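Got your viewer open? Load the model, switch on the cartoon view, and let's take a walk through it together.

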Amino acid sequence: MPRQRLTHRRAVHVFPEDFAESLERIREASGLSWNELARRLGTSPLTVRRWRQGVRPNAQHLFAIMNVAADLGLIHLLPTGRSEPHAQPALPGLDSVA
């Protein structure tokens, strides 16, 4: 008897195109300057400027952004990166933090 092949459907996560706008909304809502936001994220202002210009942050920086947003009570301003309505969040624990 042939073996049955199991197929698993992977959740598709797309990096949100509006990430830079979400970062701007977080900064405005928090009242922080770009330099202060960079300091709280543990990175340089140049790195934050690159994110605003379209460079994607790495996973460590994404978690830092999520933690800072949660500390400020602004986690709802983060993009989810969902490609379909019922997909999992792009950042693990995003729904559980809110």
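Let's begin with T80. Select it and you'll land in the loop between α4 and α5, the latter being residues 94-97. Keep in mind as you click around that this is a predicted model.

Is T80 buried, exposed or something in between? With a relative accessible area of 30%, T80 is partly exposed, because that label covers values between 20% and 50%. Now add F19 to your selection. Along the sequence, F19 and T80 are 61 residues apart, yet their C-alpha atoms sit 9.5 Å from each other in space.

**Zoom out for a moment**

Colour the cartoon by secondary structure. How many helices and strands does the protein have? You should find five helices and zero strands. Follow the chain from the N terminus and the order reads α-α-α-α-α.

Next, try a surface view. About 7,000 Å² of the protein is exposed, and 49% of that comes from carbon and sulfur atoms. As for the inside, 34% of the 98 residues count as buried.

One more number for the whole protein: take the contacts with a separation of 6 or more, and 53% of them are between residues 24 or more positions apart.

**Into helix α4**

Select residues 59-71, which make up helix α4. Two stops here, starting with A69, which lies in this helix. Its relative accessible area is 1%, so A69 is buried. Which residues does A69 touch, if you skip its neighbours within four places in sequence? Show I26, L74, I75 and L78, and you have them.

M66 is your other stop, also in α4. M66 has 7% relative accessibility, so this residue counts as buried too, the cut-off being under 20%.

Now pick L41 and draw some distances between C-alpha atoms. From M66 to L41 you should get 9.5 Å, with their positions 25 residues apart along the chain. From A69 to L41 the distance is 9.9 Å, and those two are 28 residues apart along the chain.

**Where two helices cross**

L41 belongs to our next stop. Select helix α2 (residues 34-41) together with helix α3 (residues 45-52). Their axes are 8 Å apart, and the helices pack at an angle of about 105°. Angles from 65 to 115 degrees count as roughly perpendicular, and therefore that is how α2 and α3 lie to each other. To see who makes the contact, show side chains for W34, N35, A38 and L41 on α2, then P45, V48, W51 and R52 on α3.

Stay with W34 and R52 for the last view. Where does R52 lie relative to the ring of W34? Turn the model until you see R52 over the face of W34, 4.1 Å from the ring centre. And if you go hunting for aromatic pairs, the count is zero.

Technical notes: Residues are numbered from 1 along each chain as its sequence is written. This is a predicted model: local features need pLDDT of at least 70, side-chain atom pairs count only at pLDDT 80 or more; totals for chains, interfaces and linings use all residues. Side-chain values use heavy atoms; hydrogens and water are left out. Rings of Phe, Tyr and Trp (its six-membered ring) pair if their centres lie within 6.5 Å; planes under 30 degrees apart count as stacked, over 60 as edge-to-face and the rest as tilted. A charge sits over a ring if NZ of Lys or CZ of Arg is within 6 Å of the ring centre and within 35 degrees of the ring normal. Helices (H or I, at least four residues) and strands (E, at least two) are DSSP runs, numbered from the N terminus. Buried means under 20% relative accessible area, exposed over 50%, partly exposed in between (1.4 Å probe, protein chains only). Contact means heavy atoms within 4.5 Å. Accessible areas come from the Shrake-Rupley method with a 1.4 Å probe; for residues, only the protein chains shown count as cover. Axes are lines fitted to C-alpha atoms, for helices over the stretch in contact, and angles run from 0 to 180 degrees between N-to-C directions. Angles under 35 degrees count as roughly parallel, over 145 as roughly antiparallel, 65 to 115 as roughly perpendicular and the rest as oblique.
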